[in-house]
Protein chains: 2
Amino acid sequence: MVHEQLISAAVEDYAKAIYELEVRDGRARTSALADRISVTPASASQMVKRLAELGLVSYSRYRGARLTEKGRRLALEVIRHHRLLELFLVEEFGMSWDQVHAEAEALEHVLSEQVEERIAARLGEPVVDPHGDPIPTVTLEIEECATRGLESLEPGERGVFTRVSDSEPAMLRFLAERGIAPGDRLEVVDKQPFDGPVFVRFSGAVEVLGGGLARAMRVRLDPER
Amino acid sequence: MVHEQLISAAVEDYAKAIYELEVRDGRARTSALADRISVTPASASQMVKRLAELGLVSYSRYRGARLTEKGRRLALEVIRHHRLLELFLVEEFGMSWDQVHAEAEALEHVLSEQVEERIAARLGEPVVDPHGDPIPTVTLEIEECATRGLESLEPGERGVFTRVSDSEPAMLRFLAERGIAPGDRLEVVDKQPFDGPVFVRFSGAVEVLGGGLARAMRVRLDPER
DNA sequence: TCCATAAGTTAGCTGAAACTAAATAATGTC
DNA sequence: GACATTATTTAGTTTCAGCTAACTTATGGA
């Protein structure tokens, strides 16, 4: 729970991004990483080398980075901070869904264990954040339940809207306006090819979601009861 | 309220330190500044030059820095963040007096206007922090009431314990243990020369305060009623 | 299988902000 | 008023984390 080597905010950001890419894609390609951190691929490549020196990832050139156990713990700690902060800002300060991501992004790196603990206690040791993302426990356990991008569902398939990328305020506002939130059940009614819009029924009303939004929405497939 | 040029945390720290030195000593000497920031005088000197380029201080070599109006506003904004955070952590999370300084030191640089506003509202737009330091208003007005170091009072003089440096946890714990807090009335009973201990009566009990502690305690002189 | 394109890396540079060592100004004492 | 002491600044280096440009490896179509 305590870092030995004094880890910079930049390194924490890389660890977090690599973790999230591994969860989503199974691996963290350099360019995807660069994209997520908003730096050039050259910078990401270099930083991955630094993370390797710090023992946070293992990698061999040209084949991406894989978090070590130590790197994974660091990533989960940052993610716990991030998600607790998001939930705290929503619950305690009544801030909106789409605002809290940017706030948490900055605060996550300077949150002490002490304050983290106080926040978690205040919120009743929560297990999911406002976007439906699971919050790692104090001991950094996390249950990443398998989800699929909404765009991959075929018409007729049903599921539960489980989480949505927290980094697209416009998307979050769009959903908030329509009262769509994690936990809602949904059924794909129709979809158009080539990343076109997806038609989804949420408790009655059918919504048309553009391709980009559909890819950002993660769905847990209906256990068919 | 919004910075034009994207100001780093380091620059914010310098502005704050210069402000506090100006309040305490009337001016901010390079070595005092270096001391406060925990860098070498050479580093402080260099950074003062940078602050001058940013229009935050005016200075001519060898005669210290003076905050410009812009620099003063930046300092007060950081100080507002710091003191609101300290109070928030004490009031809402029940953290102790001596812990909150370090926390606030890190958080102050990443607190958005939004969250600052929420915290201030939650606390009821407070005007002093837990250490007795005044909190600048939203419009950055502050009332720095004239105080003297306890060590400068002569036996027989009376006053009100008004504030204490928040950066010395041991000192704060010492005071907390004895139930001494800002607002307490006091009377100097005796003192020893050469930075020796000062004997002070707080509502009955006489306490012996070492020279270092005495210098850290700021006292508002009794208006003699 | 070959090769064009895409992905990833290396080399070399930049700006922040720290450092040490050396030089220079201010100050206070006699 | 001279000079020793202290304070401040300058010069030159380091580390971090980004950049561009040039190069290398992977990959997928024909």
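Two exercises follow on a predicted model in which protein chains A and B meet each other and DNA strand C.

**Exercise 1.** Describe the interface of chain A and chain B, from its extent down to one salt bridge.

*Solution.* Begin with the extent: 17 residues of chain A are in contact with 17 residues of chain B, and the two chains bury about 1,600 Å² between them, with 58% of that area on carbon and sulfur atoms. On the side of chain A, the residues that lose the most area to chain B are A:F93, A:V110 and A:R118, which together account for 34% of what that side buries.

Next, consider the polar side of the interface, where 6 residue pairs are in polar contact and the rule finds 2 salt bridges. A:E92 forms a salt bridge with B:R122, and their closest N and O atoms are 3.5 Å apart; this satisfies the criterion, because a salt bridge requires such atoms to be within 4 Å.

Finally, ask which helices of chain A take part: α4 (69-93), α5 (100-107) and α6 (113-122) each supply at least two residues of the side that touches chain B, and α6(A) gives the most, with 5 residues.

**Exercise 2.** Work out which parts of DNA strand C the protein approaches, and through which residues.

*Solution.* Start with the residues: 21 surround DNA strand C, and A:R29, A:S31, A:Y62, B:S8 and B:S43 come nearest. Then turn to the DNA, where 75% of the atoms within 4 Å of the protein belong to sugar or phosphate and the rest to bases. As examples, a polar side-chain atom of A:S31 lies 2.4 Å from a phosphate oxygen, whereas an N or O atom in the side chain of B:Y62 is 3.4 Å from a base oxygen.

Terms used:
Residues numbered from 1 in each chain as written. Chains lettered and ligands numbered in written order. Predicted model: local features only at pLDDT ≥ 70, side-chain atom pairs only at ≥ 80, totals over all residues. Heavy atoms only, no water. Contact = heavy atoms within 4.5 Å. Buried area = accessible area lost by both parts, 1.4 Å probe. Salt bridge = Lys/Arg side-chain N within 4 Å of Asp/Glu carboxyl O. Polar contact = N/O pair within 3.5 Å; in protein donor to acceptor, adjacent residues only side chain to side chain. Helix = DSSP H or I, 4+ residues; strand = E, 2+ residues; numbered from the N terminus. Near = heavy atom within 4 Å.
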